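Here are a few exercises to work through with the model open beside you. Try each task before you read its solution.

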Amino acid sequence: MLDAGLISQIQRLRFVVHRTRAGQAQGERRSTKRGTSVEFADYRDYTRGDDLRRVDWNIYARLERPFVKLFEEEEDLAVHILLDGSGSMDWGGEGETGRRGDAETGRRGDAETGRRGDARTRGQGSGKWEYARRLAAALGTIALSSGDRLSITLLQSSSSNVRGAKSEAQAPTADFQLPTSNLQLRGKGQTLRLFEWLSGLEAGGVTDLNAGLRRHALTGGRAGLAMLISDLFSPPGYAEGLTALAARGYEVTLIHLLAPDEVEPPLEGDLRLVDIETGEQQEVTVDGEMRSLYRRRLAAWREEIRTACRSRHIHYITAVNDAPIEQFVLTDLRREGLVR
Amino acid sequence: MGFLTPLALLFAALSIPILLLYMLKLRRQEVLVSSTLLWQRLLRDRQANVPWQRLRRNLLMLLQLLILALLTLALARPFLPTATVASGSVVILLDVSASMQANDVPPSRFEAARQAARELLDGLGPGDAATLIAVGPQPTVLAAVTTDRTALRRALDEVAPSDGPADWEDACALAAASAAGRDAQTVILSDGAVPETLPSLPGTVHFVRVGERSDNLGIVTLAMREGSAGPQALLRVANSGDTSAQASVELRADGVLFDVRPLAIPPHASAALTLDDLPYDLSLLEARLVVDDPLPLDNVAWATPGRAAVRRVLLLTPGNLFLERALATLPGVELTRLAPDQPLPGEAYDLIVQDGPITQTLPAGNRWVIGPYGATSTVFTETAIVRTASDDPLLRYVDWRDVHVASAWTMDTPPGARVLVQAQGGPLLAVAERPEGRLAVLAFDLHQSDLPLQIAFPILVANLAGWLLPPGGAAGGEIVRAGNPLPIQPVADAARVIVSTPDGRRHELSIGQALPIFATTDHLGVYRAEQFDAAGTLLRSDPFAVNLFDPAESDIAPRPAVRVGQAEVRAAQPGAEGRREFWPWLAGAALGVGGVEWWVFHRGTRRRGNRVTRGRGDAVTG
């Protein structure tokens, strides 16, 4: 999934959190709770039942009143990775790679693609889906290596859900017929399990992002960092789901992943476009002017998303899967202030 | 508008295959994309913004349909009915005589006729040939049978009206020659100042009349002679209008105004003015009508006094008072009378008049024989006149109807002779040009007829003497009509003659064996002939005037019809027929649209290609 050099590099990274929150287990993050760490936090009056070991005797000697010394608690952080598993995410691999093979020859990422070929489980090329899974793997590795609690969720409709996850990875929320599969992990040792689980996933079907996100907000458990990897090609939209996540207290980062074909469509002539996800057909005559209109439209769309995210205090990062994933994780995420 | 081959419109059915091909072509290729979300939004935007985009998409198809429509129309050979006089191959006789310069039809009758000729050429069909003949003093073929419109139009643009009368007989001969062997129509573009009868012309003859007004005053005669009390001049002004006219005549002697005379001219008549008080040393007399009429060309005339060139005439007669008197009154004639048996003096005579039979041999020269001519002359009495050449200038104003002849001699008609008067028994009057001089033969004794008693006799004598006597001296005193060649009598030792024209050009004529003839008398005005000897010394300088002096040209009244052969041709009404085809324009337009289509097609593909290449370049650098 990821090569060793990259893993060792990203294991040094930490997610940046702007709010302190209460955790569940002992961790490396500052918590809102007062606890047992070495960082001094506050004093308070001694009340009956307090551990006498925490009374500050120096204060008592001076003031003859017992005060209890409070320390910061360091706990873990809940990191949620939400992976859009809709049909449109399975784009830009296989045939696409073959078709654009000439154009990609000599690209610097090509050698690595070849090297990583062994890691591929299903023979998929460096398509959007592959990229998204590798991105999820990288983010998950960061979370696991920093001792955070990782919850990775595949957003997919139940009808066409080809569940690649193993049975033990079944989401506990399956009773609610949530069209997701979920994996909860913690600890550095779980990295391999994460990779296995991810490589077993397949994209397909129509996904209602709004519904998926809303359900995750309700049932996803402890709020924390949420990172959504999606192309946002969801007919019902995405805004309500993001709002629900943000309202639940998540610190949301939206990684908007597009294929190069979607940024610059190599289409020409009188075409009937068929949506790989919904099967919808759209007749269009593509010429130079149409293409420039498309580019403008795409830029406007991205700007629209960026504005919507800003109003909800959501990080918005665009990604195109022809850039090497190392560059994205080590440079782009760092520049955006998501990792440190 | 109509169509010559309307069945060709069926080719419009070809548009169905074109449309079918387009519908087939527009069965779109199916392409899988990750999402149509953006495309749907894009199309919504675009359809809202530019609704005509849908049309532009089919621009190529529309252009192809347009080409088909144009070609179909061209095949159907549409035509516009045009106002023209004749269609098919035509021979155009364009009158360029002086009367066509009348400006009653602005800018002038000639320009109107030229415009009519242009329209005629425009109305010709694609395969129709045209011949253009300018009818002037010397009719010329401007463009012989040709279908080349450009050449015809250029010839038409270059032709200019002349200052002389039109020679319609020659023009008709030219027209008949160029129309020979082909089906051609003849169109006469004129004001109708044509002879009473034109020779018959091949094909249908159309007459396009130009001109409106008829009120014109013109000088038809201005002549000078040496009278007993100094030079005299005769001025005759003709009025072709329907009302009597008043004009004042300005008279200039050598350019200096010396008299203004009023003159009243009745309608359709002429009035004469005799001027006795001319200056003695007059060398050039100019008469100018101060009047505003359509044809200014004939309002001015010039005359030069004849040189007092004395012509010596020898009369050999036993005694003939009538003849003697008639000859003696001729101006500039010095008459010597001898009896037939008297020996001839050793002097040279310009003309020898031989009255009655003669025995002695006479020197060569101009001769007028009155009496028997030839060795085997006999007498006949069947002298009733059967035919006179009434149109011969020698018989002008000579009326033979009341002339009776008792007896006459037969004559051996000399070779090349013209018989002017023919009686039952033989010719009575004949003239001939011989190498040794001119000859006139009157085949009866004047005493045997009542001719000398007739008013016609002195006129006949004057006419004959004027023809028999050589032109006096040089050109001086000659009256020349525009377009007519003028022989210039060289003086002794003259080596060359330079003639300067009114517009300042100089023509040099060499003097060789032949008489120098000046032919470029195209314009009215005063010319000057200067004769130089070999050393370049000016020997003699004579002015001579080229005048119109043509009552027929001065009578500018447009005629309603002309007679051609036996038929009377009335002025045609333009607009009778004519189909102007314009399919070449349609075919050319189809070609142009084809070019536009090609350009649109290639522009589209080129731009598409550029975009794709650039897009890939972006992907590589990104």
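**Exercise 1.** Work out how well covered α6(A) is, and check its length.

*Solution.* Start with burial: 17 of the 18 residues of α6(A) are buried (20 or more other C-beta atoms within 10 Å of a residue's own, with C-beta atoms placed from the backbone). Helices here are DSSP runs of H or I with at least four residues, strands are E runs of at least two, and both are numbered from the N terminus. This is a predicted model, where local features need pLDDT of at least 70 and side-chain atom pairs count only at pLDDT 80 or more, while totals for chains, interfaces and linings use all residues. Residues are numbered from 1 along each chain as its sequence is written, and chains are lettered from A and ligands numbered from 1 in the order in which they are written.

Next, length: α6 covers residues 128-145 of chain A, and at 1.5 Å a residue (times one less than the residue count) it should span 26 Å. Its end C-alpha atoms are 25 Å apart, which agrees. After the helix comes Gly147(A), with a positive phi near 75°.

**Exercise 2.** Which strands of chain B stand at the edges of the sheet β12-β11-β14-β15?

*Solution.* First, the layout: the four strands form an open, antiparallel sheet in that order, where pairing takes at least two DSSP bridges between two strands. β12 (256-265) and β15 (300-303) of chain B each have a single partner strand, so one side of each lacks a neighbour in the sheet.

Now zoom in on one pair: 4 bridges join β14 (residues 285-290) of chain B to β15(B), and Leu285(B) has Ala303(B) as its bridge partner.

Conventions: A residue is buried if 20 or more other C-beta atoms lie within 10 Å of its own, exposed if 12 or fewer, and partly exposed in between; C-beta atoms are placed from the backbone.
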